[in-house]
Amino acid sequence: MTTIDPTDEVIASGVEAEDSALRRLLGAVADWLTSTDHKKIGRLFLGGGLLGLLAAIVINVIIGIERAGIANIDDNALAQIFDAQRGGLVFGTLLPLAIGLCVAIVPMQLGARSVAFPRLAAAGFWMWAGGLILSMIALVNNGGGLGGDPDMVDLFLGAHGLMAIGLAATGVSIATSVLTTRAPGMTVRRVPFFSMSALVTGLGLVVVMPVLLGTLTYLFLDHRNGREAFGGNTGFYDWAGWIFSPGTVVLFAIPVAGLLAEGAPLLFKQRTPARGIVFAGFGLMGVAALGAVTQDAIHNVPWAGSELYLGGGEDVREKLFDVLPWAMFNLLPLLGLTIVLLMTLFLARPVKGAKPTVTPALAFGFLGLGMIMVGMIGTALHAIDDLGLQGTVFAEGALIYVVYGTVLAALGGMAHWAPKLWGVNLQTAKVLPLAGLGVLATVLASLPSYVAGFDEPRDIYAVLVLVGHVLMALTVIGFIGLLTTSVMSSDGQAEADPYDGQTLEWATAAPAPANNFVDAPTVMSAEPLADSKSNYGQTISEKGDR
Amino acid sequence: MQALTAGPAAAPRRQIIVGTTLGVVAMVMMVGGMLAVWSEQRTNFVERDGNWLPSGVVIPEVAANVALIAFIAICTFAQWAVWAAKRNDRGHGVFALATTALVALMVINAQAFIYSEMGIGIGDGAYATMFYALTGLFVALMIIGVIFSVVAAFRFSGGRSDNEVLAAHAIYWYAMSVIYTAIWFVVYVTK
């Protein structure tokens, strides 16, 4: 008998064996609950985001059933359902998915062993999760921004404050990681695209979430004491509604652009020239933080009655001042997104003799960013008074375009980096159909709302939206199923660099070990891994190192 | 594919200073946002009711002004601790940190004095609710600062070479002085 064999007594005792299994289970749970490994924290965010998405889809389906006239919902419950829809899409889905991917991947891309302030990031996750659960409890018990139970309204406000603190804390962790934990030789210009987009979003969280927290503090105290300053519970959407505006939430979708920029050079194994232009694109998208700075959900253009006629000098001046905030808030982020898309198309041009490698990052990122672009265009149109879109379902369509676009990209990111996160290689051929289904779902869930904004609400639009949400549920469930079966059937050893990558995360084992790297690698260019491959991007690398 | 060569140990990039700076940015954004809402509500109430500060309520300006002046001392002492840490002078460092915490406690006391002199409760109308929300958060940030000073003092006295922590500590108090200056102007001067 070796020293590691179990004793006869243990083998004989089924109870003790059961205890041991239970202990292992409890140990695993405790490990996840207290982990400061950035990959686990990131996966917790991603898992929470997928659960939040499924819950948000259920809420959207209920709304669709009501709008299509299939069934009537109690008027008293409608307020909570609409609260749950907005909260579920923004706080339950978009934010955790985008942040989770950043926390999980950025340290590996930087050549770091961990995220900066890992306990802060972990605390950020638990505050977000706790806040989300409390907000759901409040909604179920007649709370929410339009709720009738005062205590539950307070709980709802406090829960959002808790989420805001948690998300800001995670933003500090992400941004500090990019600023301080880069591998030797990795200058800011050499930071991978996805990590740079994470930096912009991290800074955005640091800037935006505290403003929300301050407003919620006012609302909470006002609601508990007299309700004279902010009009009671209805003040939530008047004063904090900007956090749910599609124009603002684009700030948290910037990692989608980073994902696309990450996947594009892998298509024909090209190095990216003029990286600064792509960085500028991310920065311009970051202008969406103006939503918090101005605390305004709609930077509307009051052209009403003018029919775009410009009169004398005073008239021109007045209209210019009307248009400038709208243009800054809507057009600058759109310009940033367009820059990233154009750069992607430039990198996607065929290279003679090179075989294209379509990665999930490229496919999902391109489609996701496309959806977000449509959402951003919709947001810009929504703000023009003369179009008469305000007060219609048009804005809801724009929000769903942005959120579902981010969901698509997050699925792509999870598939792309699955070898590092779960130790499995998801076959691109199996994943890509889900991208197509996801796009169809997004378009169906959003476009009819756009059309209804110009037209009038019709049952057919509601039915199409309903179908779109159901298809999105199928997409997500399909993805989870694919990932789960791959993990279950995996032997734990995946190909470490399946896409012939350029950045440092592909230099680690698959799955990535707890501390990512044994030694911090030296970085000599923006594509450090490509440098170590003798035949990589022959045609481009001849142009020399940057 | 060749293996990437291991690089030298990563140079320290002042992680605590960067993290604290980002935290400070968050604090400034929070208070800035609250002051913006305060200003808008003040305008709304003045247009509607003619006044914002409830009649009969007098702000004890002396205490508010002394608190502002105290921040000059707080920043000076915090920077003194940085100076001492660079010279590994533990006596000066701990004394500077303790003095920073003490003066910060005095500012908290001044705020408590303002509360008692104004004599309004949190539920006494829109002004009172917003006043307590804004200044209450300020007091919370002050308490965090005092804890920061005390922890830094214990670490430094225990033999740690904490130049970076003390620099971050000084940044925190500089930011707090900016925050209080803004509150002082908007709430206590403009009224």
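The expected span of a helix is 1.5 Å multiplied by one less than its number of residues. The exercises below apply to a predicted model.

**Exercise 1.** What should helix α14 of chain A span at 1.5 Å a residue, and how far apart are its end C-alpha atoms?

*Solution.* Helix α14 of chain A covers residues 360-382, a run of 23 residues. At 1.5 Å a residue, the expected span is therefore 33 Å. The end C-alpha atoms of this helix are 32 Å apart, which agrees with the expectation. As for its surroundings, α14(A) is mostly covered, with 19 of its 23 residues buried.

**Exercise 2.** Determine whether A:Ala274 is buried or exposed, and locate it in chain A.

*Solution.* A residue counts as exposed if 12 or fewer other C-beta atoms lie within 10 Å of its own. A:Ala274 has 11 such atoms within 10 Å, so it is exposed. This residue is found in the loop between α10 (254-267) and α11 (275-285) of chain A. Its phi is near 50°, a positive value in a residue other than glycine.

**Exercise 3.** Where in chain B is B:Lys191 found, and how does its exposure class follow from its neighbours?

*Solution.* B:Lys191 lies in the segment after α5 (163-189) of chain B. It has 13 C-beta neighbours inside 10 Å and therefore counts as partly exposed. Although B:Lys191 is not a glycine, its phi is positive, at about 55°.

**Exercise 4.** Which form does the peptide bond from A:Ala510 to A:Pro511 take, cis or trans?

*Solution.* Most peptide bonds are trans. The bond from A:Ala510 to A:Pro511 is cis, with omega near 0°. A:Pro511 is found in the loop between α18 (459-489) and α19 (528-531) of chain A.

How values were computed: Residues numbered from 1 in each chain as written. Chains lettered and ligands numbered in written order. Predicted model: local features only at pLDDT ≥ 70, side-chain atom pairs only at ≥ 80, totals over all residues. Helix = DSSP H or I, 4+ residues; strand = E, 2+ residues; numbered from the N terminus. Buried ≥ 20, exposed ≤ 12 C-beta atoms within 10 Å, placed from the backbone.
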